[in-house]
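Look over the sequence and the structure below before reading the report. The text starts at two residues and works outward from them.

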Amino acid sequence: MLKSARRTKPRNIIAVTPCVLTCSQDSRDAPAGVGSRRPITAIFHNRISIPQGAHVNNADVAATLSEVAALLDLKNESGFKVRAYYNAARAVDGLAEEIRDVAARGSLKNIKGVGSSTAERIDELLQTGSMKYLESLRSEFPSGVRDLLGVPGVGPSLARRVYQELGVESVEQLREASEDGRLAALSGLGEKTAQNVLRNLSRANKRESRISLGKALPVVEELMQALENKAPLRQLTTAGSLRRWAPTIGDIDLMATSVDPDRVMEVFVSLPQVSQVLAHGSTKSAILTDNGLQVDLRIVPDESFGALLQHFTGSKDHNIELREYSLHRGLSLNEYGIAEVETGQRRTFDDEHAFYEALEMAYIEPELRQGAGEIAAARARSLPDLVTTRDIRGDLHAHSEWSDGSVPIESMVEAARARGYEYMAITDHSGGIGLAGGLNPERLLEQIGYIRRLDASLEGFRLLSGSEVDIKRDGSLDFPDELLAQLDWVIASVHSGFTQTREQMTDRIIRAIENPHVDAIAHPTGRLIGRREPYEVDLERVFETAARTGTALEINSFPDRLDLVDTHARRARELGVMLVVNTDAHSPLHLDNIIYGIAMARRAWVEPEGVLNTLPFSELRAQISCVER
DNA sequence: GCCGTTTTCGGCCCGACTGTTTTCAGTCG
Ligand SMILES: Nc1nc2c(ncn2[C@H]2C[C@H](O)[C@@H](COP(=O)(O)OP(=O)(O)OP(=O)(O)O)O2)c(=O)[nH]1
Ligand SMILES: [Mg+2]
Ligand SMILES: [Mg+2]
Ligand SMILES: [Zn+2]
């Protein structure tokens with residue numbers, strides 16, 4: 001019998017629930033989050049230059065297109081053309097496949113947002129390592145001028161004017177011009193604009209201003225609680241990337257209804273954690289917290305709550321696609337409701353489901369709203385039946401104090417049972433990598449015996465003896481096959497040598513996958529959000545091998561891993577790979593992180609059938625050949 | 001520059017807030 005440990009979700013969100021994210025969840029119980037990819041904006045500030053003969057990856061191409069867009073914008077080119085380049089950049093950035101593989105097939109134009117012109121330029125970039133069009137645009141502006149766009153509040157118009165009229169060629173010179181009054185003296189500008197620029201300089205060109213969902217949540221919770229205590233709210237909930245369960249979020253988006261919106265806004269901008277008020281209106285305000293996070297708050301009348309939920313949850317791509325589609329059918333959408341263009345007749349929506357229904361499509365879960373085919377699927381009523389945390393029957397990646405976990409195996413078992421799981425695998429580290437407390441073969445044998453005895457004593461729960469065995473640089477494993485053969489469950493993962501070449505790393509992981517004792521690969525790309533880029537690896541080959549050998553690939557639920565990320569997990573499923581959603585728990589509390597892993601799976605369109613640990617134990621056993629008891 | 005369940009040309013989401021504006025442009029979400 002299976003019972004989820006998740007809290008039920010509140011219907012009308014009057015009080016802030018203990019788990020902020022339950023608020024952001026819809027009828028389904030599960031949550032979800034934007035790809036492992038580096039945010040484009042963070043990249044293009046660093047003038048990218050690709051070394052001769054180096055591998056041009058998707059992020060490089062996206063950054064190049066994004067820089068082209070920025071320079072066209074500076075040049076005052078058509079906004080539509082600018083948007084087209086930004087769109088192409090985002091499309092490439094969100095691609096699950098390697099762009100060079102796509103190019104090799106001649107399929108660049110099949111990418112939505114990439115046409116023949118951009119396709120040619122991408123081809124050129126891939127083949128020569130540079131793009132003449134970009135080079136020529138660059139030659140029109142000193143490189144520092146583009147950096148001006150990275151100052152909040154400075155757009156293409158202001159950047160162009162200070163460059164052309166004041167000769168400002170860098171952020172530093174912009175500061176000087178703002179301080180000495182030259183900027184304020186420009187026609188149509190004034191002292192307030194100069195002061196605003198000066199205030200915003202410290203936030204200019206932040207390398208990595210996005211934070212992981214896990215880091216944001218405590219702040220969100222605190223803010224919602226504070227608002228809830230002090231302001232006359234009727235409804236309060238999260239929106240934006242938070243509600244879509246994006247792996248990283250750029251800001252905190254909150255929305256509310258109230259009998260007294262002005263009062264709520266007053267309270268909001270006066271909260272003790274506010275370090276700067278960015279905007280203060282009656283339906284929309286924005287602040288900066290003392291730890292540098294931006295928080296947006298929107299308020300609409302109750303009757304428009306559903307429409308605002310739709311609008312403010314985004315994503316931007318999803319909204320634009322939905323609005324363009326609707327417009328073709330004579331309907332204009334905004335955050336208050338739906339209007340018939342012909343008659344001007346408006347209809348408000350207090351319910352988000354009704355909003356999508358009015359557009360004659362199925363309700364789209366927030367995790368799917370990425371502009372990645374969900375609208376077409378909703379129209380065709382063919383959206384996936386997404387996996388939820390309720391479907392998860394066990395955790396197959398967990399540590400104990402035998403290696404670097406913090407508690408005895410028994411405590412992990414207790415926590416897993418408390419969640420309603422019917423099985424768990426203890427997968428302590430192998431010892432060869434000098435990891436704190438990694439097990440040597442003798443210790444592992446000892447642990448296997450210990451786990452067998454413990455397992456035999458458990459009613460209605462199966463404890464599997466496993467290992468997280470290190471994949472060495474040559475692709476061999478840290479334990480001999482005879483030892484691995486005694487385990488119920490083996491996951492293999494990379495913990496060192498991250499800088500190997502792409503070919504080496506790919507061969508290394510593929511060799512591990514082909515070992516018949518290996519059941520799954522943990523955190524397959526090794527990225528740590530905000531700290532370490534994924535290692536170079538040909539995932540397409542990894543996926544093909546995993547599918548062929550029946551080896552599962554993990555979605556690791558740790559908030560700073562989330563690896564595989566959504567786009568990759570989706571691609572893996574397309575190629576027939578079985579996924580396993582694990583927490584990699586090092587303590588009982590970590591088991592709760594499953595919500596993040598499930599979120600990633602949902603963002604990847606994954607159904608329960610695609611996740612190994614949704615299987616009841618009887619079926620799981622058949623797949624992984626573990627011992628009878 | 002991209003794109004096509006009435007289109008291969010003529011459209012391209014829509015609104016809030018700010019500042020300096022006498023009627024709106026710029027920036028952002
Ligand atoms: N229709 C429309 N909606 C937008 C636009 N920009 C933003 N939105 C909506 C959808 C977004 O999810 C929501 C919040 O905006 P944000 O800039 O905070 O984006 P989001 O939260 O999705 O990502 P983030 O993690 O904050 O970068 O507002 C836009 O240009 N058009
Ligand atoms: Mg946001
Ligand atoms: Mg926002
Ligand atoms: Zn682990």
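## Metal site, ligand and DNA

D251 is buried, and D253 is buried as well; buried means under 20% relative accessible area, exposed over 50%, and partly exposed in between, with a 1.4 Å probe and protein chains only. The model is predicted, so local features need pLDDT of at least 70 and side-chain atom pairs count only at pLDDT 80 or more, while totals for chains, interfaces and linings use all residues. Residues are numbered from 1 along each chain as its sequence is written, chains are lettered from A and ligands numbered from 1 in the order in which they are written, and side-chain values use heavy atoms, with hydrogens and water left out.

D251 (OD), D253 (OD) and D296 (OD) coordinate the magnesium ion (ligand 3) at 2.0 to 2.2 Å. Donors are N, O and S atoms within 2.8 Å of the metal (3.2 Å for Na, K and Ca); water is not among the atoms, so sites may look incomplete. The spacing of these donor residues in sequence is D-x1-D-x42-D. D251 also coordinates the magnesium ion (ligand 2), which is 3.4 Å from the magnesium ion (ligand 3).

Which residues are closest to ligand 1? They are S241, R244, G250, D251 and D253, out of 15 residues that surround ligand 1; a residue is near a molecule or strand if one of its heavy atoms lies within 4 Å of it. The table gives polar contacts of ligand 1 and of DNA strand B, a polar contact being a pair of N or O atoms within 3.5 Å; within protein, one must be able to donate a hydrogen and the other to accept it, and residues adjacent in sequence count only if both atoms are side-chain atoms.

| Protein atom | Partner atom | Distance |
|---|---|---|
| D251, side-chain N or O | ligand 1, oxygen | 2.7 Å |
| D253, side-chain N or O | ligand 1, oxygen | 2.8 Å |
| N319, polar side-chain atom | ligand 1, nitrogen | 3.2 Å |
| G113, backbone N or O | DNA strand B, phosphate oxygen | 2.6 Å |
| G190, backbone N or O | DNA strand B, phosphate oxygen | 2.5 Å |
| T283, backbone N or O | DNA strand B, phosphate oxygen | 3.0 Å |

On its own, ligand 1 has 590 Å² of accessible area, and the protein covers 71% of this. Accessible areas come from the Shrake-Rupley method with a 1.4 Å probe; for residues, only the protein chains shown count as cover. Helix 13 (240-243), helix 15 (305-313) and helix 16 each give two or more residues to the shell around ligand 1. Helices (H or I, at least four residues) and strands (E, at least two) are DSSP runs, numbered from the N terminus.

DNA strand B is surrounded by 47 residues, with R83, G115, G153, G190 and E324 the closest. Of the atoms of DNA strand B that come within 4 Å of the protein, 78% belong to sugar and phosphate. Elements that supply at least two residues of the surface near DNA strand B include helix 4 (79-93), helix 16 (316-328) and strand 8 (331-333).

Strand 8 pairs with strand 9 (residues 337-340) in the antiparallel sense over three bridges; two strands pair if DSSP finds at least two bridges between them. L331 has E340 in strand 9 as its bridge partner, and three residues lie between the two strands of this hairpin. Strand 9 also forms a hairpin with strand 10, with five residues between them, and G344 in the turn has a positive phi of about 75°.

Chain A has 26 helices and 17 strands, and 56% of its 629 residues are buried.
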